[in-house]
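Me: I would like to go through this model step by step, from the backbone details up to the overall dimensions. Could you take my questions in turn and give the reasoning before each result?

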Amino acid sequence: MSSALVSYRRDGEIALVTVDNPPVNALAREVRAGLLNAIRQAEADTEVHATIILCAGRTFIAGADVSEFDQPPQEPHLPAVTQAIENALKPVVVALHGTALGGGFEIALASHYRIATATTKVGLPEVKLGVIPGAGGTQRLPRLVGLPTALQMISSGETITAERALEIGAIDEIAEGDLKTAAIAAARRLATPGAVPRRTGTLPVPSAPPEIFQEARRQASEKQRHLQAPLTAIEAVAAAASLSFDDGLRRERELFLERRASAQAAALRNAFLGEREVAKVPGLAADVRAREILQVAVLGAGTMGSGIAMCFANAGFSVLIKEVEALALERGMATIRKNYQASVSRGTLSPQDMLRRLECIRPTLDWQELADVDLVVEAVFEDLGVKRQVFEQLDAIAKPGAILATNTSYLDVAQIAEFTRRPQDVVGMHFFSPANVMRLLENVRTDRTAPDVLVTVMQLGKKLGKIAVLVGGCDGFVGNRMLAQRTREAWFLLEEGALPQQVDAALVDFGFPMGPFAVGDLAGLDIGWRNRKARAHLRKPGVRDCDLLDQVCQLGRLGQKTGAGWYRYESGKRTPLPDAAIEELIVEHSRARGIERRTIDDQEIVERCLFSMINEGAKILAEGVAARPVDVDIVWLNGYGFPPWRGGPLFYADQLGLGRVLATIENYCERFGPDFWTPAPLLQELVASGRTFYPRRLLPE
Ligand code: NAI
């Protein structure tokens, strides 16, 4: 009676139940049903004395099936499966390998004996998706490992090694040799006639002082500020301490369903599913094959070039790094060595791996060396004249079919492509600073980029461990174009009456890890200053412009690296401290501009910084610069610290109600004029027809 995904086989008096649902044996409905049937079959089979649950492939059940996330739960529900396992009259042994997470680990907890390979990891990461374990995890784990450890594991969602799991009692044995052989031996040991399976649910919850819950809540509110699921998880574990097992299970289920339907869970699901969604490019035929990339060259060994070279070396590519002069090349290589050395000192990279990576990077000053490479990523000065020179040169040297990518932040990739006789091979690969750290990669297409080039750069993103989003050409692409809106409003708020620390606090309160002014100080204010100078000619006469950034930079205050920027810094420290000198400068600026300073509340700060971005996001969508709302949101979630539990700017707008967003934008348009606040036509259309950016089913009721 095997199902396609769960097979049932007998080995003497042992029933072997094998889940085979690649790639991660997710708990799809058919797997749940198959497990339930298999347990029933083993119970009914008089020849069987014990059952083993194990998985084919590279891992034990790694969690729920993400494709079911946004659908109503379907029977059989997981609690029915775990209960059937626990209630079985014959012992059930579970054999774990890979990652036994979420529902997978709950199945293990409900089994009567847990055995794992030494490299297995286990955990209940549900809070990371805005929910809590819903199939007994919060009731069974405390019975095995005690309340304090269970609280820690479930509220943090962290996974632990098999060794640690054994130490705390979450598993019973680490298999010495072959897992299945060890599991069969364990099952035979347990299957002695008359032996009663050890049911986790019947074990007492070890007592613990009641203050531990208060302490856990305090820690969760501090470390996982804004997140509701950790607090709910604590409540569910507390139920294990105060209620009977059955009542505890009921309470857990209630809390689970409540979290599952919450706005935060929907937002976190969007962030999680969106990362996978953006890899599928609409309109790109599935049979387009990527070009083979073995040899890579990076042009420019400055801030970006050195980081980009590291990205490729980290992924095992061989990289040439090309500069115009020896000094710049040596400086770039020194930066690379220093960065790797820092990782070694932190213990996150072994000295051998450092050497291996450094060996992948070969510095050169010679153009001819680029003749054989498969991909060039250009990261030279942001100047169209320089880019022209470089691309003409590349065109003359690179082999046919080589991909020529530019890391430009603002220049027109289509125009750069026209500097060559092979515009089909030219594409943007916009990395974020620091390139070896930031996960986002905006790949920029032009009308002429060949489909196989697009497929190649999207796949490369994955190989580099990045989240690649494909976008179209425009000023600033998706991320920086929206950021420009927020930056402008943040400056306007200063001249109207706010201070940097107030704007930053309001946005941190919203959920960003840092406010825009603290971020500016960290990155260096000269980046924005240089950019303002380069783009001064684009400014329209008579249109409001705030030059506070220029004034701050003119004082030599370039941010943390000069000890002062929008904030002041104590020597060697990174904590931004409000600075009276900046307040004075801002107040004087308002006076000189004839702007009467007023009290500005946090709501206005958040609305002006975010709704201006949402409005721009709608324009980006309408222009096709981003194919879908999720592309916009994934850019902001992974490149700019947008809080994942809000799902991204457009997801957040949907949750807030587009009618409200539009009405607010219209109101600001009346107050501040149409230059920056003209509502996006797409936003107006959506509101008029009662629609949202995302299909409605993704939103909580
Ligand atoms: P940078 O000034 O730190 O480095 C540029 C390097 O290119 C210099 O070392 C220079 O010697 C070298 N160079 C100039 N002409 C060259 C040539 N013909 N051949 C080889 N090397 C040459 O600049 P950064 O910040 O690394 O920016 C590079 C590019 O990356 C720009 O297009 C910029 O807009 C873009 N970008 C910068 C980001 C940032 O945060 N700094 C973020 C994302 C993109």
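Me: In this predicted model, in which loop is Asn 25 found, and what is its phi?
Reply: Asn 25 is found in the loop between β2 and α1. Most residues other than glycine have a negative phi. Asn 25 is a residue other than glycine with a positive value, and its phi is near 55 degrees.

Me: Which residues does a cis peptide bond join where omega is about 0 degrees?
Reply: The place to look is again the loop between β2 (14-19) and α1 (29-44), where Pro 23 has its place. Most peptide bonds are trans. Here, however, a cis peptide bond with omega of about 0 degrees joins Pro 22 and Pro 23.

Me: What is omega for the cis peptide bond that joins Ser 433 and Pro 434?
Reply: Pro 434 sits in the loop between β15 (426-431) and β16 (440-445). The bond joining Ser 433 to Pro 434 is cis, with omega at about -5 degrees.

Me: Are α24 and α26 roughly parallel or roughly perpendicular to each other?
Reply: The axes of helix α24 (residues 602-622) and helix α26 (residues 649-656) come within 9 Å and cross at roughly 110 degrees. Angles of 65 to 115 degrees count as roughly perpendicular. The two helices, α24 and α26, are therefore roughly perpendicular to each other.

Me: Which residues make that contact, and how many of them are nonpolar, polar and charged?
Reply: On the α24 side the contact is made by Leu 610, Phe 611, Met 613, Ile 614, Gly 617 and Leu 621, while α26 contributes Pro 649, Leu 650, Tyr 652, Ala 653 and Leu 656. By class, the contact of α24 with α26 has ten nonpolar, one polar and no charged residues.

Me: How far apart do the C-alpha centres of domain 1 and domain 3 lie?
Reply: The domain assignment gives domain 1 (6-261), domain 2 (295-475) and domain 3 (480-624 + 627-696). Between the C-alpha centres of domain 1 and domain 3, the distance is 45 Å.

Me: What are the helix and strand percentages of the span that UniProt annotates as "3-hydroxyacyl-CoA dehydrogenase NAD binding"?
Reply: In the unreviewed UniProt entry, this domain annotation covers residues 295-472. The end C-alpha atoms of that span lie 26 Å apart, and its content is 42% helix and 22% strand.

Me: What is the helix percentage of residues 605-691?
Reply: The unreviewed UniProt entry places "3-hydroxyacyl-CoA dehydrogenase C-terminal" at residues 476-569 and 605-691. Residues 476-569 are 57% helix and 0% strand. For residues 605-691, the strand share is 0% and the helix share is 74%.

Me: What is the radius of gyration of the protein, and what does the globule rule give for 701 residues?
Reply: The secondary structure comes to 29 helices and 17 strands. The protein is as compact as a globular protein of that length, because its radius of gyration is close to the value from the globule rule for 701 residues: 29 Å against 27 Å.

Conventions
Residues numbered from 1 in each chain as written. Predicted model: local features only at pLDDT ≥ 70, side-chain atom pairs only at ≥ 80, totals over all residues. Heavy atoms only, no water. Axes fitted to C-alpha atoms, helices over the stretch in contact; angles between N-to-C directions. Helix = DSSP H or I, 4+ residues; strand = E, 2+ residues; numbered from the N terminus. Parallel < 35°, antiparallel > 145°, perpendicular 65-115°, else oblique. Contact = heavy atoms within 4.5 Å. Nonpolar A, V, L, I, M, F, W, Y, C, P; charged D, E, K, R; others polar. Domains from an automatic or database assignment. UniProt positions renumbered as here; feature names shortened; annotations may be inferred. Rg over C-alpha atoms; globule rule 2.2 N^0.38 Å.
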